[in-house]
Amino acid sequence: MLNLNKVGRQFGGLVALNDVSFNVEKGEIVSLIGPNGAGKSTLLNVVSGFIKPSFGTVHYKGKNITGSDPHQLCKTGIGRTFQIAKVFKQMSVLENVMVGYFPRFKSDIFQGILQMKKARKELDEIREISYELLRFVGLEKDADTLSGNLPYGKIRLVEVARALAGDPDLLLLDEPACGLNSSEVLQFIEILKNIQANGKTILIVEHDMRLVMSVSQRLVVLKNGELLAIGLPKEIKENEEVISAYLGKGFAYATN
Ligand SMILES: Nc1ncnc2c1ncn2[C@@H]1O[C@H](COP(=O)(O)OP(=O)(O)O)[C@@H](O)[C@H]1O
Ligand SMILES: [Mg+2]
């Protein structure tokens with residue numbers, strides 16, 4: 001589904017990513033972990049086209065997408081959320097989800113009255129799909145709420161629903177559980193498993209280790225822009241280098 005080959009990115013003299021290579025297979029949930037400043041967000045930005053890599057290549061479904069623009073990548077089925085949740089505060093929750101559909105919008109409203117009717121019908125369908133997605137993340141009761149009035153935990157879910165409205169095959173999530181309370185994290189774990197059950201592939205940056213360990217098939221660990229380790233959750237948990245760089249001593253014991 002996704003292949004990174006020797007990806008590097010510099011910002012001036014700073015090496016944010018260096019020689020990072022790994023694959024994400026179709027249907028997998030892969031978590032990207034590591035200390036702050038490790039290059040995790042930069043990596044998601046490179047894959048989604050928001051940042052161009054200085055070195056290396058990115059392939060998606062066998063196609064070289066290195067340096068493509070975000071809107072092109074969005075159309076080819078790469079969806080994402082941001083580390084700082086972004087919603088249109090003046091729009092309702094439902095409208096915020098509908099926005100995620102528009103890269104797929106087919107009708108051309110500038111082509112006369114027949115197209116207008118078609119557009120209206122398509123808009124009704126989008127509303128329906130978006131409402132279903134709100135139900136999927138447990139926010140259907142908030143459909144008409146002004147997004148600016150939502151608590152933070154729910155804003156994160158709106159973002160996920162909006163990303164899903166683009167019907168992505170590959171979903172990139174940047175710290176989606178940040179700021180969620182303990183029961184919201186448990187709910188979010190179930191949502192991620194359901195997204196995966198619907199056939200999607202997920203690459204997720206996350207610090208909540210309970211979430212990471214319970215949803216991921218594999219973990220990728222970055223440190224100072226470099227790949228420190230890659231493997232199964234139980235392998236990473238016991239990896240001495242990862243423990244000293246990130247997880248801390250006692251981690252495996254605490255999560256067993
Ligand atoms: N647009 C940018 N301009 C300059 N430096 C950046 C930019 N984006 C990220 N960096 C730097 O690159 C490094 C990696 O950042 P980032 O990918 O955000 O790390 P993480 O998400 O793992 O915390 C950090 O040192 C950060 O300050
Ligand atoms: Mg980050």
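In which strand is the place of Asn 5? Asn 5 is located in strand β1, and I shall return to this residue after an overview of the chain. Please note that we are looking at a predicted model.

Let me begin with the overall form. The chain comprises 10 helices and 10 strands. Its radius of gyration is 19 Å, which agrees with the value near 18 Å that a compact globule of 256 residues would have. Along the principal axes, the C-alpha atoms occupy a box of roughly 65 × 40 × 30 Å. Buried residues make up 48% of the 256 in the chain. If we take contacts between residues at least 6 apart in sequence, 65% of them join residues at least 24 apart. The accessible surface amounts to about 12,500 Å², and carbon and sulfur atoms account for 53% of that area. As to charge, there are 31 positive and 28 negative side chains, and 4 Å separates the centres of the two sets.

I turn next to the metal site. Which residues coordinate the magnesium ion, ligand 2? Ser 41 does so through OG and Gln 83 through OE1, at 2.1 to 2.2 Å. These two residues come from distant parts of the chain, 42 residues apart: Ser 41 belongs to helix α1, residues 40-48, while Gln 83 sits in the loop between β6 (78-80) and α3 (93-99). Ser 41 is partly exposed, because its relative accessible area is 21% and the buried class ends at 20%. Gln 83 is likewise partly exposed, with a relative accessibility of 33%.

Helix α1 itself deserves a closer look. Of its 9 residues, 8 are buried, so the helix is largely enclosed by the rest of the structure. The buried residues of α1 are Lys 40, Thr 42, Leu 43, Leu 44, Asn 45, Val 46, Val 47 and Ser 48. After α1 comes Gly 49, with a positive phi near 90°.

That brings me to the backbone angles. Most residues other than glycine have a negative phi. Two residues in the opening strands should be mentioned in this respect. Lys 6, which is not a glycine, has a positive phi of about 50°, and its position is in strand β1, residues 2-11. Asp 19, also a residue other than glycine, has a positive phi near 60°. Asp 19 is part of strand β2, residues 14-24, and is partly exposed at a relative accessible area of 45%.

Now, as promised, back to Asn 5. This residue of β1 is partly exposed, given its relative accessibility of 37%. How far apart are the C-alpha atoms of Asn 5 and Asp 19? The separation is 7.6 Å, for residues 14 apart along the chain. Beyond its neighbours within four places in sequence, Asn 5 makes contact with Val 20, Ser 21, Gly 56 and Thr 57.

Finally, consider Val 242, in helix α9, residues 240-247. Is this residue buried or exposed? Val 242 is buried, its relative accessible area being 0%. Neighbours within four places aside, its contacts are Val 221, Leu 228, Ala 229, Ile 236 and Leu 247. From Val 242 to Asp 19, 223 residues away along the chain, the C-alpha separation is 18 Å.

Definitions and conventions
Residues are numbered from 1 along each chain as its sequence is written. Chains are lettered from A and ligands numbered from 1 in the order in which they are written. This is a predicted model: local features need pLDDT of at least 70, side-chain atom pairs count only at pLDDT 80 or more; totals for chains, interfaces and linings use all residues. Side-chain values use heavy atoms; hydrogens and water are left out. Donors are N, O and S atoms within 2.8 Å of the metal (3.2 Å for Na, K and Ca); water is not among the atoms, so sites may look incomplete. Helices (H or I, at least four residues) and strands (E, at least two) are DSSP runs, numbered from the N terminus. Buried means under 20% relative accessible area, exposed over 50%, partly exposed in between (1.4 Å probe, protein chains only). The radius of gyration is taken over C-alpha atoms; the globule rule is 2.2 Å times the number of residues to the power 0.38. Contact means heavy atoms within 4.5 Å. Accessible areas come from the Shrake-Rupley method with a 1.4 Å probe; for residues, only the protein chains shown count as cover. Lys and Arg count as positive and Asp and Glu as negative; His and the chain ends are not counted. The place of a charge is taken as NZ of Lys, CZ of Arg, CG of Asp or CD of Glu.
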